[in-house]
Amino acid sequence: MIIMHAVSKEDSKILKCGVCRANISDLSAGYQSEFLFIPICKKCRNKFSKDDIELILNLMIAYGGYFGKESSEKFSLKKYILNVISEKENMDSNEINMKLMHTALLHGISPKEYIKKLEEIVKLH
Ligand SMILES: [Zn+2]
């Protein structure tokens, strides 16, 4: 945990959670991603599994943004998924999967909720 020693008390005030961008004031309570050395706030550590956190961090690094950045109020995951699938036929399926998950995360939909919705949609079609 090299980073923990290198960060002074002052610096820790401006550290932000790698998942939701909340300020992290107490670094000792923040979980460091094992692979990415990014601090995670308490709320996110309680909400997500370790695997989920790695997944979210990787997607945010690749595509930008953070968990819950966009409002989920008018967002229909089902509509979005069906749109992307019909529009991007030429896109690599792995890329589609990552894009879909990333968009869900931006709207505050957790990986678990996302998988559940996806299963429902697949069943209907
Ligand atoms: Zn967080």
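This text goes through the predicted model from the whole chain down to helix 6 and one loop residue.

The chain contains seven helices and two strands. Read along the sequence, these elements come in the pattern α-α-β-β-α-α-α-α-α. Of its 125 residues, 16% count as buried. Among contacts between residues at least 6 apart in sequence, 46% join residues at least 24 apart.

Confidence varies along the chain. The average pLDDT is 83, and 81% of the residues score at least 70. The lowest mean, 49, belongs to helix 1, residues 2-6. Helix 4 has the highest, at 93.

Helix 6 covers residues 93-106 and so has 14 residues. At 1.5 Å a residue, a helix of this length should span 20 Å, and the end C-alpha atoms of helix 6 are 20 Å apart, so expectation and model agree. The buried residues of helix 6 are Thr-103, Ala-104, Leu-105 and Leu-106. What covers these buried residues includes helix 4 (50-63), helix 5 (77-87) and helix 7 (111-124). Helix 6 is followed by Gly-108, which has a positive phi, near 75 degrees.

The packing of helix 6 against helix 4 can be described further. The two helices pack at an angle of about 100 degrees, and their axes are 10 Å apart. Angles of 65 to 115 degrees count as roughly perpendicular, and helix 4 and helix 6 are therefore roughly perpendicular to each other. On the helix 4 side, the residues in this contact are Ile-56, Leu-59 and Tyr-63; they meet Met-98, Met-101, His-102 and Leu-105 of helix 6. By class, the contact has six nonpolar residues, one polar residue and no charged ones. An α-helix has 3.6 residues a turn, so residues three or four places apart point the same way. Leu-105 appears both among the buried residues of helix 6 and in the contact with helix 4.

Away from this packing, one loop residue has a backbone angle to note. Arg-21 lies in the loop between helix 2 (9-12) and strand 1 (31-32). The phi of Arg-21 is near 70 degrees, a positive value in a residue other than glycine. Is Arg-21 buried, exposed or partly exposed? Burial requires 20 or more other C-beta atoms within 10 Å, and a residue with 12 or fewer is exposed. Arg-21 has 15 C-beta neighbours inside 10 Å and therefore counts as partly exposed.

Conventions:
Residues are numbered from 1 along each chain as its sequence is written. This is a predicted model: local features need pLDDT of at least 70, side-chain atom pairs count only at pLDDT 80 or more; totals for chains, interfaces and linings use all residues. Helices (H or I, at least four residues) and strands (E, at least two) are DSSP runs, numbered from the N terminus. The expected span of a helix is 1.5 Å times one less than its number of residues. Two residues are in contact if their C-beta atoms, placed from the backbone, lie within 7 Å. Axes are lines fitted to C-alpha atoms, for helices over the stretch in contact, and angles run from 0 to 180 degrees between N-to-C directions. Angles under 35 degrees count as roughly parallel, over 145 as roughly antiparallel, 65 to 115 as roughly perpendicular and the rest as oblique. Ala, Val, Leu, Ile, Met, Phe, Trp, Tyr, Cys and Pro count as nonpolar, Asp, Glu, Lys and Arg as charged, and the others, Gly among them, as polar. pLDDT is the predictor's confidence in each residue, from 0 to 100.
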